[in-house]
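Could you take me on a tour of this protein, one selection at a time? I have the viewer open and would like to know what to click next and what I will find there.

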Amino acid sequence: MVTCAIIGATGAVGMEVAKCMHSRQSTFGPTAPALYASPRSAGKVMSTLYGDLTIAAFDVDLVNSSSYDYIFLAVSGSFSLEWAEKLTNGGKTVVIDNSSAFRYHDSIPLVVPEINLAAIGPDDKLIANPNCTTAIAAMALHPIHAKYTIETLIVSSYQATSGAGEPGMQELLEGTRKQLEDLAAPPQPAKMFSHPIAFNCIPCIDKLQDNGYTKEEMKVAWETRKIFCAPDMKVSVTAVRIPTLRAHSEAISIQTKDVIDVAGVKEVLATAKGLVVKDDTANDVYPMPLTSSGADNVEVGRIRQSLVFGDRGVEIFVCGDQLLRGAALNAVLIAEAMEGRKA
Ligand code: 2RA
């Protein structure tokens with residue numbers, strides 16, 4: 001019997017990990033995960049698909065005394081930095097970390113299971129889950145890269161408020177509701193974002209870097225290069241927060257080494273795992289946050305030859321559920337794949 005724990009169980013990602021585990025009965029379904037959170041949540045009962053589960057306060061010795069097979073960390077980077085390695089419990093436990101704490105360490109695999117499961121060596125016990133914006137784009141980009149070799153990516157993201165967790169989504173809902181009550185009133189002050197998000201979009205996510213890009217933008221560049229083993233890929237991103245709830249969208253211009261055409265791209269995307277091609281623009285069929293929210297698969301569409309890169313470029317649009325493919329589902333799929341390798 002595979003045993004698991006979720007640390008940070010009360011957050012939006014932690015809750016989705018429990019849901020994903022339950023819905024993917026094959027490996028983890030029969031065993032309810034142990035739930036850990038801050039002392040503030042200790043003793044609270046969380047209603048899950050496994051039934052009501054009581055949350056315990058995180059304590060490293062308590063967690064390690066249970067020798068879980070897998071621990072999902074849905075916590076801040078600073079918490080992960082402090083505890084992730086200790087939670088591998090002398091090699092007894094695999095820790096899958098959703099934060100950015102270890103993503104850029106050469107010795108820690110950064111994994112999208114459909115793409116680079118092979119990056120996980122037999123002795124690896126700490127695995128990094130990619131940033132949501134990276135993971136969603138990678139699902140569509142990797143099949144194209146495998147066939148045509150991507151040299152340059154120009155990405156504009158339209159990121160949902162779930163990227164700032166449950167409080168981010170609440171801020172959108174509350175700000176929208178209050179504004180609709182009185183359209184002339186000043187916007188609700190922002191807490192989770194740098195400006196009010198209702199009826200707005202904010203072209204700055206995470207900290208500004210010395211090069212003028214934000215950390216969210218650089219994460220996509222650093223992580224795509226690492227996951228694709230393509231250190232020379234040129235990547236430029238503009239990351240924008242928009243007033244949607246939980247699916248991130250990305251418009252991506254792709255320049256390839258080899259000659260590329262729309263029919264070939266559609267063919268390769270049609271058979272790729274974890275993707276659904278929605279590309280019938282004449283009939284208003286394309287990826288959208290509304291249709292990709294709550295879905296395991298990333299939607300890809302608006303596939304067209306690039307007016308800029310000519311026969312060495314295409315344009316695509318992707319949408320994916322930030323909490324699923326961008327976080328919880330990817331983490332659960334890593335654990336499933338690692339279990340599968342033992343069989
Ligand atoms: C965001 N990428 O959307 C972050 C969440 N991981 O803010």
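Here is a walk through the model, from its domains to its sheets, its helices and its ligand.

**Stop 1: the two domains**

Before you start, keep in mind that this is a predicted model. Colour residues 4-129 together with 327-342 as domain 1, and residues 134-321 as domain 2. The centres of domain 1 and domain 2, taken over C-alpha atoms, are 25 Å apart.

Now look at where the domains meet: 12 residues of domain 1 touch 14 residues of domain 2. On the side of domain 1, the elements that give two or more residues are α4 (113-116) and α10. Helix α4 gives the most, with 3 residues. Sorted by class, this side of domain 1 has 6 nonpolar, 4 polar and 2 charged residues.

**Stop 2: the seven-stranded sheet**

Next, find the open sheet of 7 strands, and follow them in the order β3-β4-β2-β1-β5-β6-β7. The pairing in this sheet is mixed. Which strands lie at the edges? Select β3 (45-48) and β7 (126-128), each of which pairs on one side only. As you step across the sheet, neighbouring strands are turned by 25 degrees against each other on average, direction ignored.

Zoom in on β3 and on strand β4 (residues 51-57): they run antiparallel and are joined by 4 bridges. To see one pair, select S47, whose bridge partner in β4 is D52.

Two helices are worth adding to this view. Select α1 (residues 12-23), which lies across β1 (4-7), β3 and β5 (70-73). Helix α1 runs at about 160 degrees to β1. Then add α10, which lies across β5, β6 (94-97) and β7. The angle between α10 and β6 is about 155 degrees.

**Stop 3: the six-stranded sheet**

Move on to the open sheet of 6 strands, in the order β9-β8-β10-β13-β12-β11. Here, too, the pairing is mixed. The edge strands are β9 (234-241) and β11 (275-277), each pairing on one side only. From one strand to the next, the twist averages 20 degrees.

Start at β9 and its partner, strand β8 (residues 150-159): the two run parallel, with 8 bridges joining them. Select V155 and you will find V237 of β9 opposite.

Continue to β10 and β13, which pair in the antiparallel sense over 9 bridges. One pair to label here is S253 with its bridge partner in β13, E315.

Now trace β12 into β13. How many residues lie between them in the hairpin they form? There are 3. Strands β12 and β13 run antiparallel and are joined by 6 bridges. Within this pairing, G301 stands opposite F317 in β13.

**Stop 4: where two helices cross**

Select helix α5 (residues 132-148) and helix α10 (residues 324-342), and turn the model until you can see both. They pack at an angle of about 85 degrees, and their axes are 8 Å apart. Angles of 65 to 115 degrees count as roughly perpendicular, and α5 and α10 are therefore roughly perpendicular to each other.

To see how they touch, show C132, A135, I136 and M139 of α5, along with R325, G326, A327 and N330 of α10. By class, the residues of this contact are 5 nonpolar, 2 polar and 1 charged.

**Stop 5: the ligand**

Finish by selecting the ligand. Which residues surround it? Show N131, C132, T133, Q159, G163, A164, I205 and E216. This shell divides into 3 nonpolar, 4 polar and 1 charged residues. Two of these names link back to earlier stops: C132 is among the residues of α5 in the contact with α10, and Q159 is in strand β8 (residues 150-159).

Technical notes: Residues numbered from 1 in each chain as written. Predicted model: local features only at pLDDT ≥ 70, side-chain atom pairs only at ≥ 80, totals over all residues. Axes fitted to C-alpha atoms, helices over the stretch in contact; angles between N-to-C directions. Parallel < 35°, antiparallel > 145°, perpendicular 65-115°, else oblique. Contact = placed C-beta atoms within 7 Å. Nonpolar A, V, L, I, M, F, W, Y, C, P; charged D, E, K, R; others polar. Domains from an automatic or database assignment. Pairing = 2+ DSSP bridges. Near = placed C-beta within 6 Å.
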